[in-house]
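Trainee: Could we go through this structure together, with the terms explained as we meet them?

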Amino acid sequence: MGGSSTELFAKTPPVKLFFIASLPGAVSMLASALYQLLDGIFVGQYLGETAFAALNLAMPFVIINFALADLIGVGASVPIAVSLGRGDRRAADNLFTCATLLIVASGAAVGAALYLLAPALMRLMGAEGEFASLAAQYLRVYALCSPVTTIIFAADNFLRISGYIRGSMWLNLLMSALSGGLEFLFLGVLGFGIWGAALATCTGMAVCALIAYLPFLRGRALLRFVRPGLTPAMLREIVACGSPNFLNNIAGRVTSIIMNAILVRQGGETAVSVYGILMYVEGFILPLLYGMCDSLQPAVGYNWGARKFSRVRAIERCCFTAAAAVSLISAAVTALIPGTLTRLFVADAAPEALAMAVSALRIFSLTYLTRWFSFAAQSYMLAIERALSASVISVSTALVFPVLLLALFWPLGLTGIWLNFPATSLLAGALAALVLRRARGAVSRADE
């Protein structure tokens with residue numbers, strides 16, 4: 001397996017490498033995000049608008065919990081790939097082992113905190129009565145299951161590094177199918193409440209996490225468990241490399257929390273539901289972009305470590321081109337069928353709610369005219385170990401620009417919130433262009 005990974009990263013023509021690694025990666029990420037889409041659909045169809053709004057109120061906190069695992073998983077994957085490119089298997093195995101242990105420990109700690117704080121957090125958001133109670137129920141199930149579910153996000157990275165690209169894809173497809181099937185059983189057949197929706201997804205994640213680690217536990221994968229040797233320097237490296245994705249997740253969730261708090265006060269449950277629909281549409285598009293770019297990171301990191309800079313540039317050209325195509329197609333589809341997308345989540349939407357959602361989706365579709373550029377640029381910066389540059393792009397996109405634009409668009413009310421998305425994307429694209437221009441000169445000098 002180690003030899004096949006080296007052959008793939010070092011010698012496969014860039015375009016062929018893209019199709020071998022990136023397309024399965026995109027399908028894999030889309031499959032892993034499909035469970036969230038199904039979650040929203042089932043809750044909206046079986047439990048109604050209040051439960052759908054409660055799910056969306058709690059979801060930012062659920063994702064914050066997963067973000068810490070993503071920090072460690074992505075943060076370890078970059079130096080693991082670079083270490084393998086340098087031929088240092090011992091360092092790669094140690095990073096893999098330490099990262100796995102850190103994720104389980106952090107999942108238990110953060111899960112415990114979220115379980116205790118769930119009711120207070122929902123009240124702080126402005127929710128009351130059944131709305132607040134349902135949101136707290138949903139969050140608490142995820143919190144209890146955190147030690148055995150968060151590891152699935154890192155396992156996806158470790159499988160791809162070990163050459164199990166298609167295996168990772170099939171595992172994510174299994175997770176979505178299992179989670180969706182269980183959710184239909186729990187909500188549609190057994191009549192469970194919103195807690196059943198969370199339990200179905202967590203069960204699917206836990207089962208697939210166990211399956212994902214079987215090659216590593218049996219010693220059949222490129223990466224192997226060794227006696228852990230965690231050092232402060234290693235921890236700093238993991239945090240530095242994982243910070244862009246982590247900060248993007250955290251900043252994005254902070255923005256969502258702020259948005260939800262404003263929406264609860266300006267438009268009530270209906271406005272929160274419309275915002276939730278936008279997030280589910282984004283949750284379908286971004287995994288495609290993330291899957292393509294993230295799946296190429298091991299190859300880029302390997303060639304960067306091997307100082308094959310021309311291959312790095314060739315691989316990234318494929319990434320930028322594909323990201324642009326997916327993003328522009330997504331913009332067109334979202335603008336053309338906003339009513340269909342709304343009814344997918346809220347079947348019995350009132351005319352006023354439907355009109356609000358259709359208008360919001362059409363404005364939101366403009367986001368993807370430019371979103372691809374900053375997304376691909378951030379991934380490239382991370383893959384070549386320029387974590388600070390990637391962090392600047394991610395935090396600005398997820399938090400700084402949206403919060404500034406909230407103030408700018410405040411007089412426009414709810415329309416201003418929907419306009420926030422395309423305006424943020426445009427500013428992020430301009431920032432990414434500046435970052436890439438500075439990085440290009442540094443890479444060219446290294447190539448010399």
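Mentor: We will take up a core, a pocket and a single residue in turn.
This is a predicted model, in which local features need pLDDT of at least 70 and side-chain atom pairs count only at pLDDT 80 or more, while totals for chains, interfaces and linings use all residues. Residues are numbered from 1 along each chain as its sequence is written, and side-chain values use heavy atoms, with hydrogens and water left out.

Trainee: Which helix gives the largest share of the largest nonpolar core?
Mentor: A nonpolar core is a set of buried Ala, Val, Leu, Ile, Met, Phe, Trp, Tyr and Cys residues joined through side-chain atoms within 4.5 Å, where buried means under 20% relative accessible area with a 1.4 Å probe on protein chains only. The largest one has 143 residues. Its largest share, 28 residues, comes from the helix (a DSSP run of H or I, at least four residues) spanning residues 232–305, namely α9.

Trainee: How many charged residues are in the lining of the second largest pocket?
Mentor: Here Asp, Glu, Lys and Arg count as charged. The lining of this pocket has 12 nonpolar and two polar residues, and the number of charged residues is none.

Trainee: Is Thr342 buried or exposed?
Mentor: Thr342 has its place in helix α11, and its contacts, meaning heavy atoms within 4.5 Å, include Ile277 and Leu354. Because its relative accessible area is 2%, Thr342 is classed as buried.

Notes
Buried < 20%, exposed > 50% of the residue type's maximum accessible area, 1.4 Å probe, protein only. Helix = DSSP H or I, 4+ residues; strand = E, 2+ residues; numbered from the N terminus. Lists of a residue's contacts leave out its neighbours within four places in sequence.
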